[in-house]
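Here are my notes on the model you sent over, as numbered points. Keep the structure open while you read.

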Amino acid sequence: MTTVSVIIPARNAAPWIRDAICSVATQTLAASEVIVIDNASTDDTCTVVHQMQVSIPELILVRNQQDLGVGASRNIGIRRATGDWIAFLDADDWFAPVRLRRLTELGERTGASIVADNQFFTLGPNDPPLRTLIATHGGQLEMIDLESFLRRDRVVAIGNFGLLKPIFRREFLQAFGIRYDEDPAIKIGEDSLFYIRCLITGERMLLTDEALYFYRRHPASLTHTMTTDSVRVLVNKNREVLARLRAEAGSSLAEAIEQTLADQDDIVAYFELIELVRGRRWLAALFRLLASRGRTFFLLRRATQGLAGRISESQLRQSIVSKIHARRSRSACLY
C-alpha cells in the first residue's frame, strides 16, 4: 500500500493547527505519519498537538528550541519522513478529504515524482471559497517542466505557481539530495526556489486543476505581510539559481529566465512604491513612479489589480459575516 508522510511546519499556529491536523487524520488514504515541526512557538501550539496525539497515534511532534525558519523545519521533516510520498501542509491550511488518495493515485498511474493540485483561497473551514489559484476545467492534467513553471510562476501576477503545494516521491528527493534553502533571511518564496531545484533535474510536475488544498487567508498570511526587504531576498536567491542555469540553457528556456529576472526587478520596484504609499509619502511615491519610466504602466496596472482584488475580497468577507450573523439571529429566534 502507498504510504504518505505529511509534514506540517508550525510557529505560533495554535488558532489553526487543529484544523490542519484533523484534515490529515480524516483522509480517505490515511497518512502513515503526520510530522509537526514546531519552530519555537511561544503560544499553545505544542499543547494543542499533545492533546491530539492521544487520539492520533501517527502524530509526531518535533520541537525546535529556536526559530530556524520554515525551510529548515521542512528539511527536518524530510529527513525524518519514511513514507513513499511526502506532502507538505502549512499549519493554517487544510486538505480536502480525498486529497492524498487522489494525488498519489495520479502519481502512481503516470510515474510522476511531483504531483500538484489547484487551491481554494478561503477564510475558514466553514466559509465558502473566495477563488481558486488557477482556472478549473474538470480535472484537466498538465505536465509542467522548468520553462513552463517559470513562465507561470510570475511574481508580478496575482497568484502564481510558487503557491502550489505538490506531493513528492521521497526517493526522488533523496536521489538528488534536494532540500529547502535554510537561510533564515528568506521570509517568502522558499517553495518556489525548492520547486525550481526539483525541475532543474529534468523532472516534470504533474498538475491537476482539481482544487484539493485549502489556503486560509488571514491578516497574518505571508501574502499579506510581504515587504520590500523580503522580496529582495527572494529576488537575490532566484538570481543565484537561475544565473548558473542561464549559461547552459537553450534559447527558449533562456528567454523564460530573462523574463523571470525582469519580473523580479519589476516587483521590487512595485513594493518600493507601495511602501512609500503606505507611509503617506505621496511626493516621494510620485517621483518614484515618474522615475520608473518603462515600469510606469506595470506599476499602475499591478496596483489597480491589487486594489480591485482587496475590494472584492473585502466585500465577500462582509457578505460571509452578514450571512453568519443572519443564521445566528434566526437560530436565536427559535429559542
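1. Start with helix α7, residues 190-200. Since 9 of its 11 residues are buried, this helix is largely enclosed by the rest of the structure. The buried ones are E190, D191, S192, L193, F194, Y195, I196, C198 and L199. That list includes the acidic residues E190 and D191, and D191 gets its own point below. Just after α7, G202 has a positive phi of about 100°. Bear in mind throughout that this is a predicted model.

2. Now for D191, which sits in helix α7. Is D191 buried or exposed? Its relative accessibility is 6%, so D191 counts as buried, the cut-off being under 20%. D191 makes a salt bridge with R74, with 3.2 Å between the closest N and O atoms. This pair connects distant parts of the chain, as D191 is in helix α7 and R74 is in helix α3 (residues 70-80), 117 residues apart. R74 is buried as well, because its relative accessibility is 1%.

3. What else does D191 touch? Leaving out neighbours within four places in sequence, D191 is in contact with R74, G162, K165 and Y180. With Y180 there is a side-chain polar contact of 2.8 Å. If you zoom out a little, which residues share a salt-bridge network with D191? The network links R74, D90, K165, E190 and D191. Two of these names, E190 and D191, are also on the list of buried residues in α7.

4. The next salt bridge to look at is E108 with R169, whose side chains meet at 3.5 Å, N to O. E108 is in helix α4 (residues 99-110) and R169 is in strand β9 (residues 167-169), so this bridge ties together parts that are 61 residues apart in sequence. The partners sit in unlike surroundings: E108 is partly exposed, with a relative accessible area of 40%, whereas R169 is buried, with a relative accessible area of 13%.

5. Then there is E142 with R152, a salt bridge at 2.6 Å, N to O. E142 belongs to strand β8 (residues 141-144) and R152 to helix α5 (residues 146-152), and the two are 10 residues apart. E142 counts as partly exposed because its relative accessibility is 26%. R152 is partly exposed too, at 32% relative accessibility. For the whole structure, the salt bridge count is 18.

6. Two loop residues deserve a look at their backbone angles. Most residues other than glycine have a negative phi. N12, though, has a positive phi near 50°, and N12 is in the loop between β1 (4-10) and α1 (17-25). With 26% relative accessibility, N12 counts as partly exposed. A40 also has a positive phi, near 55°. A40 is placed in the loop between β2 (33-39) and α2 (45-53). Is A40 buried or exposed? A40 counts as buried because its relative accessibility is 15%.

7. On the outside, find the nonpolar surface patch. Which residues make it? L283, L286 and F287 do, and the patch covers about 320 Å². F287 is part of helix α10, residues 282-291.

8. Last, the overall picture. The protein has 11 helices and 10 strands. Of its 335 residues, 49% count as buried. About 16200 Å² is exposed, and carbon and sulfur atoms supply 52% of that. How much of the contact count comes from residues 24 or more positions apart? Taking contacts with a separation of 6 or more, such residues account for 79%. The bridge between D191 and R74, 117 residues apart, and the one between E108 and R169, 61 residues apart, are among the links across the chain that you can look up in the model.

Note on methods
Residues numbered from 1 in each chain as written. Predicted model: local features only at pLDDT ≥ 70, side-chain atom pairs only at ≥ 80, totals over all residues. Heavy atoms only, no water. Helix = DSSP H or I, 4+ residues; strand = E, 2+ residues; numbered from the N terminus. Buried < 20%, exposed > 50% of the residue type's maximum accessible area, 1.4 Å probe, protein only. Patch = residues over 30% accessible without salt bridge, like charges linked within 9 Å, V, L, I, M, F, W, Y side chains within 5 Å. Areas by Shrake-Rupley, 256 points an atom, 1.4 Å probe, with all protein chains shown as cover. Salt bridge = Lys/Arg side-chain N within 4 Å of Asp/Glu carboxyl O. Contact = heavy atoms within 4.5 Å. Polar contact = N/O pair within 3.5 Å; in protein donor to acceptor, adjacent residues only side chain to side chain.
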